[in-house]
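Colleague: I am new to this structure and would love a close look at a single part. Could you take the salt bridges, tell me where the partners sit, and then lead me outward from there?

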Amino acid sequence: MLRRSASSSSSPIYMALARLTKLNSNCNNSSHRLLPASRKTSTGKTTPLLVLFLLLVLLIALVTVVFLLPSAIMSSSSSAAADTALFVNPRVVVRKLLSESQPEGRGATVRRSIGRHELRNLDPFLLLDEFAVSKPGGFPDHPHRGFETVTYMLEGAVTHQDFSGRKGTIRAGDVQWMTAGRGIVHSEMPATDGVQKGLQLWINLPAKDKMTEPQYQELQSKDISEASRDGVDVRIIAGEAFGVRSPVYTRTPTMYMYFTMRPGSQLHQPIPVGWNAFVYVIEGEGAFGRENAAPATAHHCLVLGADGDGLSVWNRSGEPLLFALAAGQPLREPLVQQGLFVMNTRAEIQQAMEDYYHGRNGFEKAKHWSSAA
């Protein structure tokens with residue numbers, strides 16, 4: 001006779017077997033009393049099969065609970081964690097500049113970060129201005145060649161018109177992506193009373209596109225791509241965020257978006273490898289790059305390091321955080337800038353100035369046009 005060990009006698013399977021055996025014994029005894037002799041043999045053969053079937057079901061259930069269910073829970077938890085996981089190698093802030101107020105245009109004030117002597121440019125970005133203007137001031141007729149301007153209105157409205165007869169109003173939340181290309185002369189003037197506020201970003205064009213025909217991509221606020229996730233709202237001017245992509249076409253590969261982060265929220269936005277990137281804080285404060293970083297406040301431009309998976313931001317304050325994120329693929333081409341003309345060589349700059357003065361090669365309409373007419 002075999003002896004059961006203490007450990008085997010206390011196992012769940014053995015205990016279940018003992019109960020079923022006892023139950024089977026009771027059933028058999030009852031059957032012996034109630035059934036005629038001719039049916040005893042049939043019942044005796046069927047009952048052990050039923051016991052074995054029940055044991056098999058019990059064993060499968062036990063294996064599922066002990067082994068498979070924890071694995072499924074862990075897999076589900078890992079998947080959820082992956083959606084909110086921090087970057088292994090987030091981009092850090094390598095330079096922090098407070099934008100400085102300076103006069104610009106006619107009676108306007110701009111806070112310039114990129115484009116001043118401390119940060120001449122950040123390839124492919126040439127300039128970033130946070131502007132404020134009210135009547136009768138503004139930005140009267142002026143030329144451009146060789147790059148693009150992107151105007152995003154924060155408050156109020158600006159009327160834009162150019163020498164081709166194009167005219168329109170850019171209102172709060174609207175964006176105008178203007179490709180100056182071979183040449184354009186235009187004006188940007190307040191459309192309403194009060195102070196009009198916005199951001200204007202200049203993006204360089206590659207040499208092959210500097211003499212392209214002027215073009216506009218204009219989106220009203222209601223048409224701008226938007227997305228929300230975990231307390232973070234984003235307006236996507238160019239590129240992609242949270243799986244949503246902007247319809248804007250960029251000759252120079254660029255991503256440009258505006259984030260609003262509610263208190264306690266965090267953001268982890270991928271940035272293409274090798275692209276230069278910066279953040280401009282419009283309102284509130286937040287930790288950028290590292291959770292323990294000193295908070296950056298309004299009107300600061302933060303240049304991000306070239307290495308890393310993307311931008312991480314934490315809003316630990318009690319107020320919303322609003323900022324712009326821009327990133328672009330460096331052109332790595334010679335750059336010569338003379339005021340409102342941006343080309344690759346000094347000879348091209350000289351040519352642009354002569355073309356504008358003589359009204360040729362893209363500036364034919366400039367000599368006889370005025371926005372005030």
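Modeller: Let us start with arginine 116 and glutamate 100, whose side chains meet in a salt bridge with an N to O distance of 3.9 Å. This pair links distant parts of the chain, 16 residues apart: arginine 116 belongs to the loop between strand S3 (108-112) and strand S4 (125-133), while glutamate 100 belongs to strand S2 (residues 100-104). Please keep in mind that this is a predicted model. How covered are the two partners? Arginine 116 counts as buried because its relative accessibility is 11%, under the 20% limit for that word. Glutamate 100, at 41%, counts as partly exposed.

A second pair can be read in the same spirit. The side chains of arginine 112 and glutamate 104 meet in a salt bridge of 3.0 Å, again taken from N to O. Arginine 112 has a relative accessible area of 12%, so it is buried, whereas glutamate 104 is partly exposed at 30%. As a general point, side chains of opposite charge can pair when their charged atoms come close.

For a third pair, look at arginine 235 and glutamate 226, where the closest N and O atoms of the salt bridge are 2.8 Å apart. Here arginine 235 is buried, with 14% relative accessibility, and glutamate 226 is partly exposed, with 49%. There is also a network of salt bridges, which links Arg145, Glu354, Asp355 and Arg360. The full count of salt bridges comes to 17.

Glutamate 104 is a good stepping stone to the next stop, since it is among the contacts of phenylalanine 139. Phenylalanine 139 lies in strand S5 and counts as buried because its relative accessibility is 15%. Leaving aside neighbours within four places in sequence, its contacts also include Gly105, Ala108, Val110, Phe131 and Val133, along with Ser187, Glu188 and Met189. Glutamate 188 is worth picking out on the display: phenylalanine 139 and glutamate 188 are 49 residues apart in sequence, yet their C-alpha atoms are 5.0 Å apart in space.

Follow strand S5 (residues 139-144) along and you reach histidine 144. With a relative accessibility of 2%, histidine 144 counts as buried. What does its side chain meet there? A polar contact of 3.2 Å joins the side chains of histidine 144 and histidine 186. Beyond its neighbours within four places in sequence, histidine 144 is also in contact with Thr149, Met178, Ala180, Gly183, Ile184, Trp202, Leu340, Phe341 and Phe363.

Now for the strands farther along the chain. Strand S17 (residues 254-261) is mostly covered, with 7 of its 8 residues buried. It pairs with strand S14 (residues 232-238) in the antiparallel sense over 6 bridges, and 8 bridges join S17 to strand S24 (residues 321-328), also antiparallel. Tyrosine 256 in S17 is a handy place to see both pairings: alanine 238 stands opposite tyrosine 256, and tyrosine 256 stands opposite alanine 326 in S24.

An open sheet of 4 strands offers another view, with the order S18-S23-S20-S21 and antiparallel pairing. Strand S18 (266-270) and strand S21 (296-297) stand at the edges; each has a single partner strand, so one side of each is left without a neighbour in the sheet. Within this sheet, strand S20 (residues 285-288) and strand S23 (residues 310-314) pair in the antiparallel sense over 2 bridges, with alanine 287 opposite tryptophan 314 in S23.

For a contrast with the buried residues, turn to helix H3 (residues 37-83), where leucine 54 lies. Leucine 54 is partly exposed because its relative accessible area is 37%, which falls between the 20% and 50% limits. Together with Leu50 and Phe53, Leu54 forms a nonpolar patch on the surface, with about 300 Å² of accessible area in total.

Finally, step back to the whole protein. It has 4 helices and 26 strands, and buried residues make up 44% of its 373 residues. Among contacts with a separation of 6 or more, 70% come from residues 24 or more positions apart. The protein exposes about 19500 Å², and carbon and sulfur atoms supply 56% of that area.

How values were computed
Residues are numbered from 1 along each chain as its sequence is written. This is a predicted model: local features need pLDDT of at least 70, side-chain atom pairs count only at pLDDT 80 or more; totals for chains, interfaces and linings use all residues. Side-chain values use heavy atoms; hydrogens and water are left out. Patches are made of residues with over 30% relative accessible area and no salt bridge: like charges are joined within 9 Å, nonpolar side chains (Val, Leu, Ile, Met, Phe, Trp, Tyr) within 5 Å. Accessible areas come from the Shrake-Rupley method with a 1.4 Å probe; for residues, only the protein chains shown count as cover. A salt bridge is a side-chain nitrogen of Lys or Arg within 4 Å of a carboxyl oxygen of Asp or Glu. Buried means under 20% relative accessible area, exposed over 50%, partly exposed in between (1.4 Å probe, protein chains only). Two strands pair if DSSP finds at least two bridges between them. A polar contact is a pair of N or O atoms within 3.5 Å; within protein, one must be able to donate a hydrogen and the other to accept it, and residues adjacent in sequence count only if both atoms are side-chain atoms. Contact means heavy atoms within 4.5 Å.
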